[in-house]
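User: I should be grateful for a close look at one helix of this model and its surroundings. Please describe which parts of that helix are covered, which parts face outward, and what lies around them.

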Amino acid sequence: MSVQSKNAIDTLLAESFKELATTKAIEKITIKEITDKAGVIRPTFYNHFQDKYELLEWIVEKELIDPMVPQIDRGQLKEAVTDALKKMEKEKEFYIKAVKLEGQNSFKEILVQKVTNLILSRLDGERIQKKIVYPWLTSKRTADFFASTVCYAIVEWVEDGMQVPIEDVVNVFVFLMVHSIVDMIEMIEE
């Protein structure tokens, strides 16, 4: 199977899954429903994904994370986050259902993992370790911290029904990333 046809089937299964999720809780969606809607047989699904949670990971990776990489490489972090949130807003019903997933395969856990990997792919771990005097503060912990913070805000935004304009959400991210808690306390005290 060519990469192009594999990607086409992955996309077909993803679209089927997202469409089903607009009317049904994700944990209640069956593989049979996904394949029936996509017009493929069950073994085709399992040739591409282990389960629907791996399909959800693929959606997060391909539709939210991968498009950010070129923008981040050009130093356009704000634009990258804005575009990812616009994609989520465009498929609002799906993402509102996705954030309701709890446990090991939760949307939040998947998003944190993918954002952590994205941050780690852009950090020079050895340089960071030379600059930071705290051996416990590894590149992985740094990436986890920032990913958890950003993903917490994204999940809260989605859970609130995406009512806050994307520009405001992105500005909050930027504000939180450039100000420490000490800065914020000092602002309050002034």
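Analyst: A residue is called buried when its relative accessible area is under 20%, exposed when that value is over 50%, and partly exposed in between. The model is predicted, and the part considered here is helix 10, residues 139–159.

Helix 10 has 21 residues. From its first C-alpha to its last it reaches 30 Å, close to the 30 Å expected at 1.5 Å a residue. After the helix comes Gly161, with a positive phi near 85 degrees.

The covered part of helix 10 can be listed by residue. Ser139, Thr142, Ala143, Ala147 and Val150 are buried, as are Cys151, Ala153, Ile154, Val155, Trp157 and Val158. Helix 10 also supplies at least two residues of the largest nonpolar core, a set of 51 residues. Helix 1 (3–21), helix 6 (77–90) and helix 11 are among the other elements that each supply at least two. Met88 is one of the core members that touch the most others, in a group that includes Phe17, Leu85, Tyr95 and Phe107. Among the contacts of Met88 beyond four places in sequence are Ile154, Trp157 and Val158, residues that are buried in helix 10. Met88 also touches Leu64, Tyr95, Phe107 and Met162.

Phe146 shows another side of the helix. This residue lies in helix 10 and counts as partly exposed because its relative accessibility is 33%, which falls between the limits of 20% and 50%. Setting aside residues up to four places away in sequence, Phe146 touches Ile119 and Met177. Lys28 is 118 residues from Phe146 in sequence, and their C-alpha atoms are 32 Å apart in space.

Phe146 also belongs to a nonpolar surface patch, together with Phe145, Val172, Val174, Phe175, Leu176, Met177, Val178 and Met187. Together these residues have about 740 Å² of accessible area. Helix 10 and helix 11 (166–178) are the elements that give two or more residues to the patch, and helix 11 gives the largest share, six residues. One patch member, Phe175, lies in helix 11; with a relative accessible area of 30%, Phe175 is therefore partly exposed.

Helix 6 offers a further point of comparison. Thr82 lies in helix 6 and counts as buried because its relative accessibility is 18%, under the 20% limit. Apart from neighbours within four places in sequence, Thr82 is in contact with Ile166 and Val170.

Note on methods
Residues are numbered from 1 along each chain as its sequence is written. This is a predicted model: local features need pLDDT of at least 70, side-chain atom pairs count only at pLDDT 80 or more; totals for chains, interfaces and linings use all residues. Side-chain values use heavy atoms; hydrogens and water are left out. Patches are made of residues with over 30% relative accessible area and no salt bridge: like charges are joined within 9 Å, nonpolar side chains (Val, Leu, Ile, Met, Phe, Trp, Tyr) within 5 Å. Accessible areas come from the Shrake-Rupley method with a 1.4 Å probe; for residues, only the protein chains shown count as cover. A salt bridge is a side-chain nitrogen of Lys or Arg within 4 Å of a carboxyl oxygen of Asp or Glu. Helices (H or I, at least four residues) and strands (E, at least two) are DSSP runs, numbered from the N terminus. Buried means under 20% relative accessible area, exposed over 50%, partly exposed in between (1.4 Å probe, protein chains only). A nonpolar core is a set of buried Ala, Val, Leu, Ile, Met, Phe, Trp, Tyr and Cys residues joined through side-chain atoms within 4.5 Å. Contact means heavy atoms within 4.5 Å. The expected span of a helix is 1.5 Å times one less than its number of residues.
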